[in-house]
Amino acid sequence: MVLAVSASLPFASVRELVDFARRNPGKLSYGTAGLGTAHHIVGETLKRELGIDMVHVPYRGGAPAAQALVAKAKSIAGSDTKLQMRVENTCSFLGPQRPALEAQNAGKKPDPPVHIEPVKLFDNLFYFGYNTIGAWAIPTSDGIILIDALNNQKDAEEIIEPDMKKLGLDPSKIKLIIVGHGHFDHFGGAPYLQQKYGAKVAMSKVDWDIIAKPNPNATAAQAARPLPKREIEIVDGQKITQGDETITLYSMPGHTPGSLGYIIPLKNHGQPITALMLSGANITPNRETMEAFQKTLDKAKAFQPQILMNGHPGLF
């Protein structure tokens, strides 16, 4: 999620924004697509957690809010060609693209992904992988849930296993791998982990069907890559329980026909919080996928999520 402010305001960092808001209660405002939307929830959570007072300006739906934001983004970008490219990418009708795809669409060679240090994000959520794609570990009272499994066996052996150990997690305790959508950078390492540790693999039924079909555009090397054994088929609204952890999954087609969204109960310094994680790149190219996306967000409101995340960290 991006926090964008006008260049005319007297601050240039989040810390300065918070300090200004505390000194000037009620003087700042923030706009969202409407009451109860994900951005509204995040905004009100920030107000509460940081002890600041800002005025919420709800637009009548996503379109007016998006148009206002696009206009402001273009104004902020000014004559900076790189920023203007980011504006065009982020504000396209397909939604935000990963940096690698953004560069590719601009006719440039993408920067290689960077392996970053594994990190403990919350009491029961860990991240390891690259700056653009990774895997997430959730320890439970009966083993570990892994969300996504990176690109291939090499990533599983050289990143997932050693990074988990570095975080104090035992890879042999992986009991369940939930794949957010049927792209190799999400399930490529799953066959290795499935065979070595006996972990069950879950994916939407639609994307299980897709990866089982030969891809006519695949190279010989891509066509030869192993697939995970088909086990758990996820349907919209399904709950998956492992030990003392229950994750609710929703269908969010667009990035792939079977992309998933997750409601994940977490703990932060012992206090319960709820996260909404979106697996895909939030692409909604038609009315059907847009309605499915909105439907999931509407259902998520009942869980009152305080955290919004994406399977590709570079998106927001």
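Helix H7 (184–187), E8 and E9 are among the elements that cover the buried residues of helix H9. Those buried residues are Asp207, Trp208 and Ile211. They sit on the same side of H9, because the arc they cover around the axis is only 110°. All of this comes from a predicted model, so keep that in mind as you look around. Overall, the protein has 11 helices and 14 strands, and 42% of its 316 residues count as buried.

**The seven-stranded sheet**

- Let's start with the sheet that H9 packs on: seven strands form an open sheet with mixed pairing, in the order E3-E4-E5-E6-E7-E8-E9.
- At the edges you'll find strand E3 (115–122) and strand E9 (232–234), each of which pairs on one side only.
- Ignoring direction, neighbouring strands in this sheet are turned by 20° against each other on average.
- Inside the sheet, strand E4 (residues 125–130) and strand E5 (residues 134–140) run antiparallel and pair over four bridges.
- One of the residues to click on here is Gly129, whose bridge partner in E5 is Gly134.
- As for helix H9 (residues 205–212), it touches strand E8 (200–204) and E9, and its direction makes about 100° with that of E8.
- A bit of background on how such sheets hold together: strands pair through backbone hydrogen bonds, either parallel or antiparallel.

**Helix H6, lying across the sheet**

- Helix H6 (residues 153–166) lies across E3, E4, E5, strand E6 (143–147) and strand E7 (174–178), and it runs at about 145° to E4.
- With 14 residues, H6 reaches 19 Å from its first C-alpha to its last, which is close to the 20 Å expected at 1.5 Å a residue.
- Which residues of H6 are buried? They are Asp155, Ala156, Ile159, Ile160, Glu161, Asp163 and Met164.
- The buried residues of H6 pack against E3, E4, E5, E6, E7 and helix H8 (190–197).
- Take a look at the start of H6 too: a side-chain oxygen of Asn152 comes to within 3.2 Å of the backbone nitrogen of Lys154.
- After H6 comes Gly168, which has a positive phi near 85°.

**The E10–E11 hairpin**

- Strand E10 (residues 239–242) shows two faces: Ile240 and Gln242 are on the covered one, while Lys239 and Thr241 are on the uncovered one.
- For reference, side chains in a regular strand alternate between the two faces of the sheet.
- E10 pairs with strand E11 (residues 245–251) in the antiparallel sense, over four bridges.
- Gln242 has Glu245 as its bridge partner in E11.
- The hairpin has two residues between its strands, and Gly243 takes a positive phi there, near 60°.

**Three residues worth a click**

- His40 is found in helix H2 (residues 38–50).
- Is His40 buried or exposed? His40 counts as buried, because its relative accessible area is 14%, under the 20% cut-off.
- Setting aside residues up to four places away in sequence, His40 touches Tyr30, Thr32, Gly34, Leu35 and His56.
- Gly254 has its place in the loop between E11 and strand E12 (260–268).
- With a relative accessible area of 22%, Gly254 is partly exposed.
- Gly254 and Gly280 are 26 residues apart in sequence, but their C-alpha atoms are 7.7 Å apart in space.
- Gly311 lies in the segment after strand E14 (307–310), and it counts as buried at 1% relative accessibility.
- What does Gly311 contact, leaving aside its neighbours within four places in sequence? Its partners are Ile133, Gly134, Trp136, Met277, Leu278 and Ser279.
- Gly134, the E5 partner of Gly129, is 177 residues from Gly311 in sequence and 7.3 Å from it in space, C-alpha to C-alpha.

**Contacts along the chain**

- How much of the contact network links residues 24 or more positions apart? Such pairs account for 60% of the protein's contacts with a separation of 6 or more.

Notes
Residues numbered from 1 in each chain as written. Predicted model: local features only at pLDDT ≥ 70, side-chain atom pairs only at ≥ 80, totals over all residues. Heavy atoms only, no water. Pairing = 2+ DSSP bridges. Axes fitted to C-alpha atoms, helices over the stretch in contact; angles between N-to-C directions. Contact = heavy atoms within 4.5 Å. Expected span 1.5 Å × (residues − 1). Buried < 20%, exposed > 50% of the residue type's maximum accessible area, 1.4 Å probe, protein only. Polar contact = N/O pair within 3.5 Å; in protein donor to acceptor, adjacent residues only side chain to side chain. Arc of directions from axis to C-beta.
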